Amino acid sequence: MIRLFDQHEIRKEKELNGMWDFVREDNGKAYRLPVPGCWEQHPDMLTYRGQGTYRTKVKVERDTCLRLEFKGVSHTARVFFDGKEATEHYNAYTPFSAVIPGVKAGEHEITVWVDNSFGEHSALHIPNDYYTYGGITRGVRVQEISEVYVERVHFTPECRDGIWSGKTEVVIRNAGSTKASFRISGALGGTFAGTHGENTLEEMTGEVEPGGETILTGQQSFDGITPWTPGEPALYLLKVRLSVDGEVIDDLIERVGFRTVSVQNGHILLNGSRIFMKGFNRHEDHGMCGCAIPLQLMVQDLDLMRDMGANAVRTCHYPNDELFLDLCDERGVLVWEENHARGLDLEHMMNPNFDIQCENCIREMIENHYNHPSIVIWGILNECASETEEGRKKYAAQYAQIGRMDQSRPTTSATCRHFTDICLDLPDVVSFNMYSGWYQDVEVKERHEQEMDWIASAGGAGKPVIVSEFGAAAMYGYRDRGRCKWSEERQADIIRENLEVYQKDSRLSGVFLWQFADCRVTEEGGWFSTRARSHNNKGVVDEYRRPKLAYDTVREFYENWD
């Protein structure tokens, strides 16, 4: 399953999830591996870092134009169709596609070369405090499209004087060799979470050059709208149809919600009302399946987080699988989604590939996830070199890119450069990672007040503030009456000490516990030396989702936090 709803009524498509042939490049051994999946789940490749090739067959019933879509390949892919390269892509956490015109009826072969190695070619996937798995880790589908087709649709809701309107932006592409005139029609309606009725979209017309794209934008009011809120996550289906010469030839369906997000007087506002985000940092990692988490286990993660009283999740430190975002939309979970760059010092940020790989990641994240009402914050560059002038230029460039693509959501970045960060004036929301009681044996309240005073004096005055990370590590099942560090008791104590301080501070707009579940880390780069079991053990559940003592501590606070 790729999405929780059907995206097409006209366009013919098929998911290619299943068993694919795979050849490991270093020794030539052949396997049958699941897609989506991580190759580390096979006993021969538990720690394999390198290259491999996937193959599968696809049958086409008629001469057509094909679109291949990959939701995630870790981390570099080269895609071939019948031996001819169709596209290449970098970054495990963003989707990409390839359009192949003039495909004849019959059987064809899709080949995907995959690389999860580290090196200068990869500025963002480096040895890190999480694991870079290998493989086709998210869903794949093939679609039969016309030469002129709908590439994407963005919907931006607005509310003035209680009247809801929306801007619909439609991108049309032409893979053919002749100029085409077209017409866009559609409707907005649905039955999700109590929504009802249907509004017809105002028609738009345009032309698109061969090999080019045309963007059309319409703005209109809608009747009978139920706003999207965490308590009532009302969703609507936005259906767009494309006609050429009076014939409907393509369509695209997106699921949207009516809500606004703004920043005012030091608070984050949803639909004009202040919200407080009490949440978890969550890695896409599971002891059974690595980063290729199936729907059932995504649901379990959200069930556990909601059971503890959480209303928010941060997709540390990369864009998440869209299935998970669909679930957050349906359940009213607030999402902070961020681009892929974690803990990079200035040397890493000066990698010649850094700027373009970040730019592509941000573009693909926003283009593909724009319509999710659950996403209320865009984040960038967790714990990077924000204390340097060179780093500041890169922060500023990335915030500017987001501003050009989406002005409907605030921006932020989690910093650990305490008292030295020179970038706090750039984002809409100031966020900081603080591990009082774990890395530093300091009094939590005193350290917190020092941080808040510094933020106010270093460019963050008047901005909302979020504690983006706090917590402590514990080994699942290790109990100690002396409550020593690494015991479940000490983890619960440290979390309690932090939450007692944060709950009383009305200046905060959110807290995100590090972290929801234990996750695997890379052994390269020295992370193993401070991460027992080669895992980051700060989860309140372990990698198999078995609760630690801190689970109930978090629930005690989150359930009673207005």
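Helices and strands are taken as DSSP runs, with at least four residues for a helix and at least two for a strand, and are numbered from the N terminus. The structure described here is a predicted model. On this basis Q515 is assigned to the loop between β31 (508–513) and β32 (519–520). The peptide bond joining W514 and Q515 is cis, with omega at about 0°.

A cis peptide bond also joins S74 and H75, where omega is about -10°. H75 is placed in the loop between β6 (73–74) and β7 (76–81). Most residues other than glycine have a negative phi, and most peptide bonds are trans. Against the first of these tendencies, E383 has a positive phi, near 50°. This glutamate is found in the loop between β27 (375–379) and α5.

E383 also takes part in a pocket. Together with R342, Y435, Y439 and R531, E383 lies nearest the centre of the second largest pocket, which is lined by 21 residues. The space in this pocket amounts to about 340 Å³. Its lining consists of 7 nonpolar, 8 polar and 6 charged residues.

The largest pocket holds about 530 Å³ of space. Its lining is made up of 30 residues, and those nearest the centre are R67, E69, S97, E151 and N368. Two or more lining residues are given by each of β5 (64–70), β9 (96–103), β12 (140–145), β13 (148–160), β20 (247–256) and α4 (354–369). Among the contributing elements, β13 has the largest share, with 6 residues. By class, the lining of the largest pocket comprises 14 charged, 9 nonpolar and 7 polar residues.

Enclosed space was examined next. Rolling a probe the size of a water molecule over the atoms shows where empty space is left. The structure contains 5 cavities of 30 Å³ or more. The largest cavity has a volume of about 80 Å³. It is lined by T168, V170, I184, S185, G186, L201, E202, E203, M204, G218, Q219 and Q220. At least two of the lining residues come from each of β14 (163–174), β15 (180–192) and β18 (213–221). In this lining, 6 residues are polar, 4 are nonpolar and 2 are charged.

The second largest cavity encloses about 70 Å³ of space. Its lining residues are S386, Y395, Y399, S413, T415, D421, C423, L424, P427, V429, V430 and S431. The elements α5, β28 (411–415) and β29 (429–433) each provide at least two of them. The most is given by β29, which supplies 3 residues. The lining of the second largest cavity divides into 7 nonpolar, 4 polar and 1 charged residues.

Helix packing was described for two pairs. Two packed helices are described by the angle between their axes and the distance between the axes. The first pair joins α4, an element of the lining of the largest pocket, to α5, an element of the lining of the second largest cavity. The axes of α4 and α5 (residues 389–405) lie 10 Å apart, and the packing angle is about 25°. Angles under 35 degrees count as roughly parallel, and α4 and α5 are therefore roughly parallel to each other. The crossing of α4 past α5 is right-handed. On the α4 side the contact involves F354, D355, C358, E359, I362, R363, I366 and E367, and on the α5 side K394, Q398, Q401, I402 and M405. The residues of this contact fall into 6 nonpolar, 5 charged and 2 polar.

The second pair consists of α6 (residues 444–460) and α7 (residues 488–503), whose axes come within 9 Å and cross at roughly 50°. This angle makes α6 oblique to α7. The crossing of α6 and α7 is right-handed. The contact is formed by V444, K445 and H448 of α6 with E497, N498, V501 and Y502 of α7. Its residues comprise 3 nonpolar, 2 polar and 2 charged.

Definitions and conventions. Residues are numbered from 1 along each chain as its sequence is written. This is a predicted model: local features need pLDDT of at least 70, side-chain atom pairs count only at pLDDT 80 or more; totals for chains, interfaces and linings use all residues. Side-chain values use heavy atoms; hydrogens and water are left out. On a 1 Å grid over the protein atoms alone, a cavity is a set of points where a 1.4 Å probe fits but cannot get out, and a pocket is an open set with protein on both sides within 12 Å along at least five of seven lines; lining residues have an atom within 4 Å of a point. Grid points are joined across faces, edges and corners, and a volume is the space filled by probe spheres set on the points. Ala, Val, Leu, Ile, Met, Phe, Trp, Tyr, Cys and Pro count as nonpolar, Asp, Glu, Lys and Arg as charged, and the others, Gly among them, as polar. Axes are lines fitted to C-alpha atoms, for helices over the stretch in contact, and angles run from 0 to 180 degrees between N-to-C directions. Angles under 35 degrees count as roughly parallel, over 145 as roughly antiparallel, 65 to 115 as roughly perpendicular and the rest as oblique. A crossing is left-handed if the near helix is turned anticlockwise from the far one by less than a right angle, and right-handed if clockwise. Contact means heavy atoms within 4.5 Å.
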